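Subject: Structure for your review

Dear colleague,

Please find below the structure that I would like to hand over to you. My notes on its side chains follow directly after it.

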Amino acid sequence: MLRNFADDHFDIIIQAGQSNSEGYGFGDTQNPYTPNEKVWYLNADFTITLATEWVCGNLIQSNFSLSFARQYISNGLLEEGRKILIIRAAVGGTGFLDHRWGLKDDLFLRMMEMIKTALELNKNNRLVAFLWHQGETDASLNATYETHYNNLLTLVNTVRETFNCPELPFIAGDFVAHWKNQNIAICEPVINAIKDVCKAVNGRFVLTDELLSNAQTKALNSDDIIHFSRDSLYRLGEKYFEAFREIISSVK
């Protein structure tokens, strides 16, 4: 039986970008995230389900929105009677230069429709954070600083203007150091652009130098150096929340 969410009041978190936002961090089955009625996903097919990790054999696959949401609740930011709805708009291997995140492109348009849908569920629903992690694809396609800066700034400003939330906190993060350091020439223009967009919109850029890849933790027994491990994604979500707290404190 389908559930009606018209009576639920949601704090909405947008999670968008590519694979490290979608969540490709693997780890063992210790400390699994426990689903609860306070945290929900709006999925790409517009279904709403309890937020959860995914069990893959003897491993758990996770994403950083879960630890962000856990910090949001434990720090008292979720008001009584409200819940969290995480918009799961990220798709792995996508960027601006391959025509997925521009203003006329499919993933951007779907994200905007997902946000609209979430807000229209109840007039008391509200956007509280925009969590972005993307850029590896554009770096691999040799994006220039100027191109990436303009593309990302336009995306952030369009979301804010469309939904009348000019101070919506925007947080982005650095790449996995394991991969970035082996591809520094193509990564630097994109990373510098993301940092400067964060400054331009009073957002925050999260450093990730100490966070490990799947390959470094040997969770997958593979050479996956581009994705944060599950434990690293948990820490990444905590770092995004720390950045979020800085933003909301600065605008009070």
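A residue is called buried here if its relative accessible area is under 20%. Phe68 has a relative accessible area of 0% and is therefore buried. Please bear in mind throughout that this is a predicted model.

Aromatic pairs

A pair of aromatic rings is described by the distance of the centres and the angle of the planes. The structure contains 14 aromatic pairs. One of them is formed by Tyr41 and Trp54, which are stacked, with 6.3 Å from centre to centre and 15 degrees between the planes. Tyr41 belongs to strand β3 (residues 39-42) and Trp54 to strand β5 (residues 54-56), so this pair ties together parts that are 13 residues apart in sequence. Tyr41 is buried at a relative accessible area of 1%, whereas Trp54, at 33% relative accessibility, is partly exposed.

Phe68, introduced above as buried, pairs with Phe244 in an edge-to-face arrangement, with 5.5 Å from centre to centre and 70 degrees between the planes. Because Phe68 lies in helix α2 (residues 65-74) and Phe244 in helix α9 (residues 230-250), the pair ties together parts that are 176 residues apart in sequence. Phe244 is buried as well, with 3% relative accessibility.

In addition, one aromatic cluster is formed by Phe96, Trp101, Phe130, Trp132 and Phe170.

Arginines over rings

Which ring does the charged end of Arg88 sit over? That ring is the one of Tyr41, whose centre is 5.1 Å away from the charged end. Likewise, the charged end of Arg230 sits over the ring of Tyr234, at 5.3 Å from its centre.

Arg88 and Ser21

Arg88 is located in strand β7 (residues 82-88) and, at 10% relative accessibility, counts as buried. Leaving aside residues up to four places away in sequence, Arg88 touches Gln15, Ser21, Glu22, Tyr41, Leu42, Ala44, Trp54, Asn63 and Met114. Both partners of the stacked pair, Tyr41 and Trp54, are thus named among the contacts of Arg88. By contrast, Ile60 is 28 residues from Arg88 in sequence and 18 Å from it in space, C-alpha to C-alpha.

The side chain of Arg88 also reaches the backbone oxygen of Ser21, at 3.4 Å. Ser21 is part of helix α1 (residues 19-22) and is buried, with a relative accessible area of 0%. A polar atom of the Ser21 side chain lies 3.0 Å from the backbone oxygen of Ala16. Not counting residues up to four places away in sequence, Ser21 touches Gln15, Ala16, Asn63, Phe64, Arg88, Ala90, Leu131 and His133.

Cysteines

A disulfide is a covalent bond between the sulfur atoms of two cysteines. How many disulfides are counted in the model? The count is zero. For Cys198, the nearest cysteine sulfur is that of Cys165, 16 Å away. A disulfide would require the two sulfur atoms to lie within 2.5 Å, so a separation of 16 Å does not qualify. Cys198 is buried, with a relative accessible area of 2%, while Cys56, at 32% relative accessibility, is partly exposed.

With kind regards

Methods
Residues are numbered from 1 along each chain as its sequence is written. This is a predicted model: local features need pLDDT of at least 70, side-chain atom pairs count only at pLDDT 80 or more; totals for chains, interfaces and linings use all residues. Side-chain values use heavy atoms; hydrogens and water are left out. Rings of Phe, Tyr and Trp (its six-membered ring) pair if their centres lie within 6.5 Å; planes under 30 degrees apart count as stacked, over 60 as edge-to-face and the rest as tilted. Helices (H or I, at least four residues) and strands (E, at least two) are DSSP runs, numbered from the N terminus. Buried means under 20% relative accessible area, exposed over 50%, partly exposed in between (1.4 Å probe, protein chains only). A charge sits over a ring if NZ of Lys or CZ of Arg is within 6 Å of the ring centre and within 35 degrees of the ring normal. A polar contact is a pair of N or O atoms within 3.5 Å; within protein, one must be able to donate a hydrogen and the other to accept it, and residues adjacent in sequence count only if both atoms are side-chain atoms. Contact means heavy atoms within 4.5 Å.
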